[in-house]
Amino acid sequence: MVRALNRLSRGPVTGRPFDFAAVLGDSSDNQQRNEVRWFVDLMDGGRLVRPDSGAPGYEGVQGEDPYPSPVEGESLLYLAQKPFWAPGLRRPDGSPLPWYSVLGNHDVKVQGTVPGDNPAWQSFAKAWVVGSVKVASLPP
């Protein structure tokens with residue numbers, strides 16, 4: 001996404017360079033510090049991002065590749081978790097482009113639905129979402 005935005009570099013109507021970028025939220029999940037850090041590093045650039053927050057070999061709620069891999073012999077889910085160098089948002093001259101983010105429900109609530117200031121939910125979430133188990137529903 002960041003590389004695609006950098007290729008745009010100018011507004012389609014005025015043709016002038018962008019003054020800033022606005023991100024409309026849901027850039028992280030479950031209030032996870034590591035995902036917020038990845039998002040900031042993606043936007044600012046100049047850092048190696050390692051998008052693998054689960055246990056070794058953990059691929060989240062997906063157990064198989066949803067689409068064919070563009071690299072023969074490599075799983076699409078494996079490729080999605082490979083470290084990469086974040087270019088950051090840039091102006092046409094290569095200088096950083098200022099950016100602002102709006103909070104989405106997944107940025108500030110556990111699973112995007114439960115407020116993070118609920119101690120019982122926080123205790124439950126810490127016990128289950130750290131590691132190789134992803135809670136997708138609660139018991140009745």
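Helices are DSSP runs of H or I with at least four residues, numbered from the N terminus. With that convention in place, the tour of this predicted model can begin at helix α1, which spans residues 2-8.

Select L8, which belongs to helix α1. L8 has a relative accessible area of 54% and is therefore exposed, since the cut-off for that class is over 50%. Now add M1 and L5 to the selection: together with L8, these residues make a nonpolar surface patch of about 330 Å².

Next, turn to the aromatic side chains, where the structure holds two aromatic pairs. Select F20 and Y100 to display an edge-to-face pair, with 5.7 Å from centre to centre and 75° between the planes. This pair links distant parts of the chain: F20 sits in the loop between α1 and β1 (21-23), while Y100 is in strand β4 (residues 99-101), 80 residues apart. Colouring by accessibility is instructive here. F20, at 48% relative accessibility, counts as partly exposed, whereas Y100 is exposed, with a relative accessible area of 51%.

Then select F39 and W99, which form an edge-to-face aromatic pair with 5.3 Å from centre to centre and 75° between the planes. F39 lies in helix α2 (residues 33-44) and W99 in strand β4, so the pair ties together parts that are 60 residues apart in sequence.

Finally, keep F39 alone in view. Is this residue, F39, buried or exposed? F39 counts as buried because its relative accessibility is 12%, and the class requires under 20%.

Conventions: Residues are numbered from 1 along each chain as its sequence is written. This is a predicted model: local features need pLDDT of at least 70, side-chain atom pairs count only at pLDDT 80 or more; totals for chains, interfaces and linings use all residues. Side-chain values use heavy atoms; hydrogens and water are left out. Patches are made of residues with over 30% relative accessible area and no salt bridge: like charges are joined within 9 Å, nonpolar side chains (Val, Leu, Ile, Met, Phe, Trp, Tyr) within 5 Å. Accessible areas come from the Shrake-Rupley method with a 1.4 Å probe; for residues, only the protein chains shown count as cover. A salt bridge is a side-chain nitrogen of Lys or Arg within 4 Å of a carboxyl oxygen of Asp or Glu. Helices (H or I, at least four residues) and strands (E, at least two) are DSSP runs, numbered from the N terminus. Buried means under 20% relative accessible area, exposed over 50%, partly exposed in between (1.4 Å probe, protein chains only). Rings of Phe, Tyr and Trp (its six-membered ring) pair if their centres lie within 6.5 Å; planes under 30 degrees apart count as stacked, over 60 as edge-to-face and the rest as tilted.
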